Amino acid sequence: MTVLSLALREGTAEAHTLAEHTAFMKCFVRGLITSRLFRQFLANLYFVYTDLEAALASANSDAVRAIYFPELNRSGQLAQDLAFYYGEDWRDQVTPLTATRVYLSRLHDVAQSEPLLLIAHSYTRYMGDLSGGQALSKIVHSQLMLPEGKGTAFYEFPALPTPEDKKAFKQRYRATLDSLGLDEEAIARIVQEANFAFALNCNLMHALESELKTTIGDQVWQSMVIENQPSRRQHPRPEAIAI
Ligand code: HEM
């Protein structure tokens, strides 16, 4: 019998590698991110989490209800960061990129037609935030020379303050996935959707690359792009979805 948590981890391993190797993420881990780029990234994630969290909270599915943990919600945390980077009138200053609109459109469609697949979207974002996201927080803090406790609320989980809490929670999340009692077909659909969610995230990051290119200069950009090309070829093309 297929175990959902394992199927997701193994079935998205390649997509995860591609996401880690986007030029955006590579620049991020090398400390090449600017405040301007980072706030745009956060603003786009704000739209994603707002819709994801609304969809999870209202989904007409027992399985989705079981995997919905409000303590993971990111939209409130992101709003704090956006107020810090843009000012109190941040809502008037941010709009979703086209790639983000495609992501939102997919969340909306899935919530309407096959809410079970929201599990894939929850997994892709929250498990990532609880994992590699924690290292990214430290990089942002030192790169942008942020004041203590400012600008990285997105990576903070007040209900899970320590690494041990996060680790234990991830085990709980995986155990919950495995207790849903889904059949092989449902598991295969969720893994497929998780791969799509990774692709949507990669496209969101690709959409920020022109700004990134201007910031880091042609030479550094070229080295990132050459390594990055295979990921562009292998991903499914979410831009094919109508908005
Ligand atoms: C530089 C970028 C990234 C790094 C360094 C990174 C690093 C990691 C690490 C070390 C883990 C394993 C944690 C563990 O086993 O407890 C992990 C897991 C995960 N990451 Fe990432 N990650 C990155 C980007 C991303 C992105 C962009 C996404 C999705 C949008 C993502 C989604 C996930 C997911 C869903 C898991 C959970 C895998 C599982 O255990 O089932 N990651 N990441």
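User: Which residues do ring pairs link into a cluster?

Analyst: In this predicted model, the cluster joined by ring pairs consists of Phe24, Phe28, Phe38, Phe41, Tyr49, Phe84, Tyr85, Tyr126, Phe154 and Tyr155. Searching the whole structure gives 14 aromatic pairs. One of them is Phe24 with Phe28, an edge-to-face pair with 6.0 Å centre to centre and 75 degrees between the planes.

User: How do I read the term edge-to-face, and where do Phe24 and Phe28 lie?

Analyst: Paired rings whose planes are over 60 degrees apart count as edge-to-face. Phe24 and Phe28 are at 75 degrees, so the term applies to them. Both residues are in helix α3, which covers residues 23–29. They are four residues apart, about one turn of the helix.

User: Are Phe24 and Phe28 buried or exposed?

Analyst: A residue counts as buried when its relative accessible area is under 20%. Phe24 has 1%, so it is buried. Phe28 is buried as well, at 0%. Phe154 and Tyr155 make another aromatic pair, this one tilted, with 4.8 Å centre to centre and 55 degrees between the planes. Phe154 is buried because its relative accessible area is 1%, and Tyr155 is buried at 3%.

User: Which residue lies over the face of Phe157?

Analyst: Here a charged side chain is set against a ring. Arg74 lies over the face of Phe157, 3.6 Å from the ring centre.

User: Which protein residue is a donor to the iron atom of the ligand?

Analyst: To read a metal site, look for the protein atoms that serve as donors. In this model the iron atom has a single donor from the protein, NE2 of His16, 2.1 Å away. His16 is located in helix α2, residues 13–20.

User: Which residues does UniProt list for "binding site"?

Analyst: A record and a computed pocket can be read side by side. The unreviewed UniProt entry lists Arg9, His16, Tyr123 and Arg174 under that name. From this set, Arg9, His16, Tyr123 and Arg174 are in the lining of the largest pocket.

User: What are Arg9 and Arg174 in contact with, leaving aside neighbours within four places in sequence?

Analyst: Start with where each one sits, then list its contacts. Arg9 is in helix α1, residues 4–11. With neighbours within four places in sequence left aside, Arg9 is in contact with Tyr123 and Arg174. Arg174 belongs to helix α10, residues 163–178, and on the same basis it is in contact with Ser5, Arg9 and Met127. Arg174 has a relative accessible area of 19%, so it counts as buried.

Notes
Residues numbered from 1 in each chain as written. Predicted model: local features only at pLDDT ≥ 70, side-chain atom pairs only at ≥ 80, totals over all residues. Heavy atoms only, no water. Donors = N, O, S within 2.8 Å, 3.2 Å for Na, K, Ca; no water. Helix = DSSP H or I, 4+ residues; strand = E, 2+ residues; numbered from the N terminus. Phe/Tyr/Trp six-rings, centres within 6.5 Å; stacked < 30°, edge-to-face > 60°. Buried < 20%, exposed > 50% of the residue type's maximum accessible area, 1.4 Å probe, protein only. Lys NZ or Arg CZ within 6 Å of the ring centre and 35° of its normal. UniProt positions renumbered as here; feature names shortened; annotations may be inferred. 1 Å grid on protein atoms, 1.4 Å probe; cavity = no way out; pocket = protein on both sides within 12 Å on 5 of 7 lines; lining within 4 Å. Contact = heavy atoms within 4.5 Å.
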